[in-house]
Structure formats: structure tokens, C-alpha cells
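Dear colleague,

Please find the structure below, together with its sequence. A short account of what was found in it follows.

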Amino acid sequence: MSPIEAIRRHQAELTAFRRDLHAHPELGMAEFRTAEKVATALEALGIEVHRGVGGTGVVGVLRNGSGNRAIGLRADMDALPMDELTDLPYRSTVKGAMHACGHDGHTTMLLGAAKYLAETRNFDGIVHFIFQPGEEGCGGALAMLEDGLFERFPCDAIYGMHNRPNFPLGEFTIRSGAFMAGGAFFDITITGKGAHGARPEASVDPVLAACHVTAALQSIVSRNLSPRDVAVISVTKVVGGEAYNIIPETAVISGTARFFSREVSKQIEEGLQRVAAGVAAGFGASASLDYRLIFAPTINAPEQTEALAAAAAELVGEDKVARDKPPAMASEDFSFMLERVPGAYINFGIGDGAEVHNPRYQFNDEAIPYGAALYARVVEKGLMKG
């Protein structure tokens, strides 16, 4: 019996678990109920459980045989700060929180893999089941790393995955090298001199300066970076003033940058500082930059990419595994774990539906056996019995 078929025997149980998580979403670093449900389920399987890793993170440890090699499998647990607009019977019961990115599905798949491996024990070594909090820009991966994740639970390789709407169910996509962009958030504060709106000559208008800075920032990618370096700078918010007849003292420009190397991130940071300060000075104002790296670039290691792709191909067929996915500009904080341990990240299809981060998004429960089986099979192949 293949791992997919074996896990399908538990479809009803796993679906019920996932839908319970969906009905009770918790935001990043506050996944208390979710973490306890995961920990309790792991303990019921006879798996050693460590609670409170990096806050609300959970790590399960399963050993078999005499091997010392270890593989880490990671899933994220947090929901998004948004209201759900579906009519599902198990829709979110929490105002302002929804599993609109499928992390309830990811958590359930990793639990399904733990159940399968605890039952079959067709491996020789150690498996670390890593249930991470706060992936959605909340610093959950770094919190686990700072809490000694890989010192306490050493891994020779680590694997993760994410669902992909509007991609066929039962199919996978991956690439070696840069897989997803790194991401930073920035705030540029323009400081001028406030005045009455009827007397602009008495002011140093920070709103006017902010508008010119916003336009000038687009030159960083086109004129400061090599054409070979793909990057994006998006200003998503400009805030200044609260009244119609007051020129404010300050205005704030906020946005995000995306890139595929830390070196390019550094160039962008320097460019934001230089352009903002220079343009603001031309208007008699000043500018200060707050630049925060939220996600490192997600870089798949060649050996682990091949291992994950080969395991997927074994389960569903080579024709259903695309190994040359173009890099995505979206970001993923599993990237910080990949900077510490060689590993790989893969996307799996869940069929047609609303995109992630959409209030009408729905995870397809039929995808659970595919993801759980891939987690399990990459362990069986990576920790093969002698």
C-alpha cells in the first residue's frame, strides 16, 4: 500500500482535525489552542513532545532504529488577520481571524505524516516534526531558531511545503536555488515644518516631499541594480496630516521590497536611505529610514531539492512534478531555517479556487493525503533502513 493510500484511511479523522483548526483560527505567536491540539495529538501517537519552542511552537521527536541521521519536517500554524467571507459550515468563529493561507491544512498534513510514520516506522533515524508559529510576518521561524531549534533538535536536512490554488490537485512544483523572494518592510519618515494650509510659504511641506520621494524610489531598481537582479519596491501607503487646513510636520511613506539575495536587499536599503534623504533635502526637509528584513530569500539546496522532487515523483508520477518552477516574488520565513540547514520547499496543488490571502479562500481536504505522504516518503527515502 502506498503512503497516499495508507493516509487516506485516516481521511475523515484528518479532515475533522483540519476543519476544527479552521473554525478556531489564531493569529501569529498566539496559537495556544492550536499548539495544544497538535501536542496532544502527537502524544497520543507516542511521539515525544516539546511545547513552547519559540513561544507557541511545538516539536515532536520520533526515533526508530539505531541511526543518528535526522530529518526535520516543518509546517506553519498561524492564521491571517482578516474576516472570512465563505459560507462553509466550519467557517471561522473568530472575528478578524481566518485561515486564508491554508496553514490549517499544512498543520494537518504534518500531523498525518507523523501518524503514518509512528505506525509504519519504515525508517532508521530521527524525525523532528516542527510546528511553527507566526509565519505571516510575525517572526515565528526566527523565534524558534533563537530558542535553539537546531541545537536542541539537530537536523541533517529539513523540508517544508505550501499549497497552491489553481494548480491541479495531486501535482507538485519545485526548483533548485532561488524559489521565493526575500521580503522587507520599510517606513520613511519625512520631517518638515508645519503651517496653515493657506500659508504654504511658511512651511516645509513633508507631504509634497513624500510624493516626490515616492516617485524617485522607483529609480532604485531600474538604475541602481543590475538587470540580472530581479527585485521589486512597492510603496503601499503614504500618510501625512489629519486636517484639510493644516500642513503637517511629518509624513510617512511605507512599503515592501522583494529580492532574491541578501546582497540585493542591502543595496535596496542603501538606495532607499540615499534617495529619500537626497530628495527630501531638496525640499528643505529631512528623511529617516526604518528598514526591516521580514523574510530571507527561500533558497532550495540542490541535493534536498532532488530528494523532495524524487519522492513526489515516486508518489504521483514524474509527469506531475514540475522541477523548473519560476521563482515567486512572494515570501516565506521557512527561508531562515534553510539558511541554517540544507533543505527544500515545494508547492502542491489544491485545484481551482480563490487565491491565498483572499476572504473566500478554501483549503481542499483532498490534498491532505498528498502532502502528508510526501512528508513521510522523503523521510523513508532519506533515512532508509539498511
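**Cavity, pockets and a sheet**

The count comes to one cavity of 30 Å³ or more. Please bear in mind that this is a predicted model.

The largest cavity has a volume of about 40 Å³. Its lining is made up of Glu 135, Gly 137, Cys 138, Gly 139, Gly 140, Ala 141, Leu 142, Ile 294, Phe 295, Asp 333 and Phe 336. Helix 5 (140-146) and strand 13 (286-295) each contribute at least two residues to this lining, and the largest share, three residues, belongs to helix 5. Sorted by class, six of the lining residues are nonpolar, three are polar and two are charged.

Strand 13 also takes part in an open sheet of four strands, which has the order 10-12-8-13 and antiparallel pairing. Strand 10 (231-239) and strand 13 are the edge strands; each has a single partner strand, so one side of each has no neighbour in the sheet. On average, neighbouring strands of this sheet are turned by 20° against each other, direction ignored.

Within the sheet, strand 8 (residues 182-191) and strand 12 (residues 250-259) run antiparallel and are joined by 10 bridges. Thr 191 has Thr 250 in strand 12 as its bridge partner.

Two helices lie across strands of this sheet. Helix 7 (residues 206-217) lies across strand 8, strand 10 and strand 12, and runs at about 15° to strand 12. Helix 9 (residues 262-282) lies across strand 8, strand 10, strand 12 and strand 13, and its angle to strand 13 is about 160°.

Turning to the pockets, the largest pocket has a volume of about 500 Å³. It is lined by 22 residues, of which His 162, Met 180, Ala 330, Ser 331 and Val 356 are the closest to its centre. Strand 5 (157-164) and strand 16 (343-349) each supply at least two of the lining residues, with strand 5 giving the largest share, three residues. The lining divides into nine nonpolar, six polar and seven charged residues.

The second largest pocket holds about 190 Å³ of space. Among the residues that line this pocket are Arg 69, Asp 156, Tyr 159, Glu 303 and Lys 381. Strand 5 appears here too: strand 5, helix 10 (302-316) and helix 12 (368-382) each supply at least two residues of the lining. By class, the lining of the second largest pocket has five nonpolar, two polar and four charged residues.

With kind regards

Definitions and conventions. Residues numbered from 1 in each chain as written. Predicted model: local features only at pLDDT ≥ 70, side-chain atom pairs only at ≥ 80, totals over all residues. Heavy atoms only, no water. 1 Å grid on protein atoms, 1.4 Å probe; cavity = no way out; pocket = protein on both sides within 12 Å on 5 of 7 lines; lining within 4 Å. Points joined across faces, edges and corners; volume = space filled by probe spheres on them. Nonpolar A, V, L, I, M, F, W, Y, C, P; charged D, E, K, R; others polar. Pairing = 2+ DSSP bridges. Axes fitted to C-alpha atoms, helices over the stretch in contact; angles between N-to-C directions. Contact = heavy atoms within 4.5 Å.
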